[in-house]
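User: Got a minute to walk me through this one? I'd like to talk it over before I go back to the bench.
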2 protein chains.
Amino acid sequence: MNEKTFGMKHLHQRIRDDIEARIMSGEWPPGHRIPFEHELMAEYGCSRMTVNKVMSTLAANGLITRRRRAGSVVAKPSNQQAVLQIQDFALEAARAGTEYRFKILKRSIEAIDAAAAQRTGLPTGTEMLCLSTLHVMNDVPQALEQRLINLATVPEAGEQSFKDDPPGTWLLRRVPWTDAEHIVRAVNADSAIAKRLQVQTGAACLVLERRTWQAGAFVTEARITYPGERHHLIGRFSPSFKGGAGGQAVS
Amino acid sequence: MNEKTFGMKHLHQRIRDDIEARIMSGEWPPGHRIPFEHELMAEYGCSRMTVNKVMSTLAANGLITRRRRAGSVVAKPSNQQAVLQIQDFALEAARAGTEYRFKILKRSIEAIDAAAAQRTGLPTGTEMLCLSTLHVMNDVPQALEQRLINLATVPEAGEQSFKDDPPGTWLLRRVPWTDAEHIVRAVNADSAIAKRLQVQTGAACLVLERRTWQAGAFVTEARITYPGERHHLIGRFSPSFKGGAGGQAVS
DNA sequence: TTGGCGATAATGTCTATACATAATCGCAGA
DNA sequence: TCTGCGATTATGTATAGACATTATCGCCAA
């Protein structure tokens, strides 16, 4: 047990990096059978538990597929996925050192219509807190946020003034969620939105819709409209998750 | 060891679901200290390795933060992230039962300009295979794909006819990647793009740019323009990864 | 009061072993 | 040749114990 720490800090890390490298480089293409646990055990001179830990995490990350008795094979890449980080405006501004303000344009409690009922899975007529928020950085409008909050799930929202924190930030800190759905689309700005965002009518805007649930109970729906020429979503991604997914949403 | 399999198939699964539920429900808010491993050990009547496995995976998924001696705490949700699946056109069409065609509009080998050099991190003048592909489903143009392929990394691409598979599909199956960068933006269609996609000039389009690298070596850049009213990106996401992230890119 | 230093406590890693589970292989019998 | 069943084998889960690593706590001395 001397050479176990040569070059890499931990044995299972070294094994994982080895196997990942072989998969990523194409040396082991999709469908290739990976050595059995007992073979890797011999190759690296370690116990099966160590090898097993590595293989389990690789399987959890979708790099390999495992079947009892048949062994492990390199997984086929099926479809690309983009992981996009959506920054909190206040945080983003603080980091960039720019001034940030927000303004609640509308606040009301309304019964949802049929379309919203279908999107959220709630019965028509359910009462929701409706908020329109304009996010402004350096006196330039950055985004228009139209939000519905389910008062049945988050009753405290009804008494919240949203003076210090915008609704999104407040919710993120306060209400945990278990499921989220995102839709990204491009639309032409209508005259109302164009006026708010100070762009020309018809300008392309990026719209991000997010709906979140907590254990099946609908929490909130946000529809954030960004001026197309001022904002885009960026994501950096490694297929193995090994360093986590970094990235930002920037100007 | 009789009650170990009550209700749940595996012990570590039961422990993990228990802890996740407590975090998700808000019973253990961000910052809350989770019981120490030896406490959980006693609570569930199992060995430390089993508890450790659960806690390690929770930490890997970002739900908790662990520090030696200090213990584990529920992680603060920092910024939302959207995981969007980008479907392969052929696959999507096959599943939806619609007819799919693609047409290579342009194919040339060019030296990249300064802007492309900056994006890719390669020196100006590097030779790239440039392809423009139109994706058509049921005789309706669905997307325009402008792609650069690094011939230094993927020399086989130079002799590839792309008769059977569009460049994206061919590359996905053939060249592994280790890092990817995605940018999503909204733009107004210029006259050339509008004509190709059969939309009005100025119509909002969703543009997805993806650049991929293989161990630091640039592989390819794709710029896919979708007509805004015909396409959007959808993603469904659970913070725990427990069921994996499902989702599709649809009409 | 403050600074340092050692004891302590929690996580991180690894081993050896055991049994469970599932799928394949191959042989025996029809 | 085909079928069924048992042996085999690889993975899945769990245990108990060991040692490494690293913060923190608290005591003692300056």
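User: What stands opposite Ile234(A)?
Analyst: Ile183(B), in S8(B), stands opposite Ile234(A). Strand S11 (residues 232-237) of chain A and S8(B) pair in the antiparallel sense over five bridges; pairing here takes at least two DSSP bridges between two strands. Strands are DSSP runs of E with at least two residues, helices are runs of H or I with at least four, and both are numbered from the N terminus.

User: Is this a predicted model, and what are the ground rules?
Analyst: This is a predicted model: local features need pLDDT of at least 70, side-chain atom pairs count only at pLDDT 80 or more, and totals for chains, interfaces and linings use all residues. Residues are numbered from 1 along each chain as its sequence is written, while chains are lettered from A and ligands numbered from 1 in the order in which they are written.

User: How many residues of chain B are in contact with chain A?
Analyst: 44 residues of chain B are in contact with 45 of chain A, with contact meaning C-beta atoms, placed from the backbone, within 7 Å. S8(B) gives the most to chain B's side, with 10 residues.

User: Switching to the DNA. Which residues are closest to strand C?
Analyst: Leu11(A), His12(A), Cys46(A), Met49(A) and Glu37(B) are the closest of the 23 residues around DNA strand C. Near means a C-beta atom, placed from the backbone, within 6 Å of the strand.

User: Which element supplies the largest share of that surface?
Analyst: H3(B) does, with four residues.

User: And how does H2(B) sit against H3(B)?
Analyst: The axes of helix H2 (residues 37-44) of chain B and H3(B) come within 9 Å and cross at roughly 115°. That makes H2(B) roughly perpendicular to H3(B), a term for angles of 65 to 115 degrees. Axes are lines fitted to C-alpha atoms, for helices over the stretch in contact, and angles run from 0 to 180 degrees between N-to-C directions.

User: Which residues meet there?
Analyst: From H2(B), Glu37(B), His38(B), Leu40(B) and Met41(B) meet Arg48(B), Val51(B), Asn52(B) and Met55(B) of H3(B).

User: Last one: what's the strand order in chain A's three-stranded sheet?
Analyst: The order is S1-S3-S2, in an open sheet with antiparallel pairing. Strand S1 (33-34) and strand S2 (64-67) of chain A are at the edges with a single partner strand each, so one side of each has no neighbour in the sheet. S2(A) pairs with strand S3 (residues 71-74) of chain A over four bridges, and Ile64(A) stands opposite Val74(A) in S3(A).

Conventions. Parallel < 35°, antiparallel > 145°, perpendicular 65-115°, else oblique. Contact = placed C-beta atoms within 7 Å.
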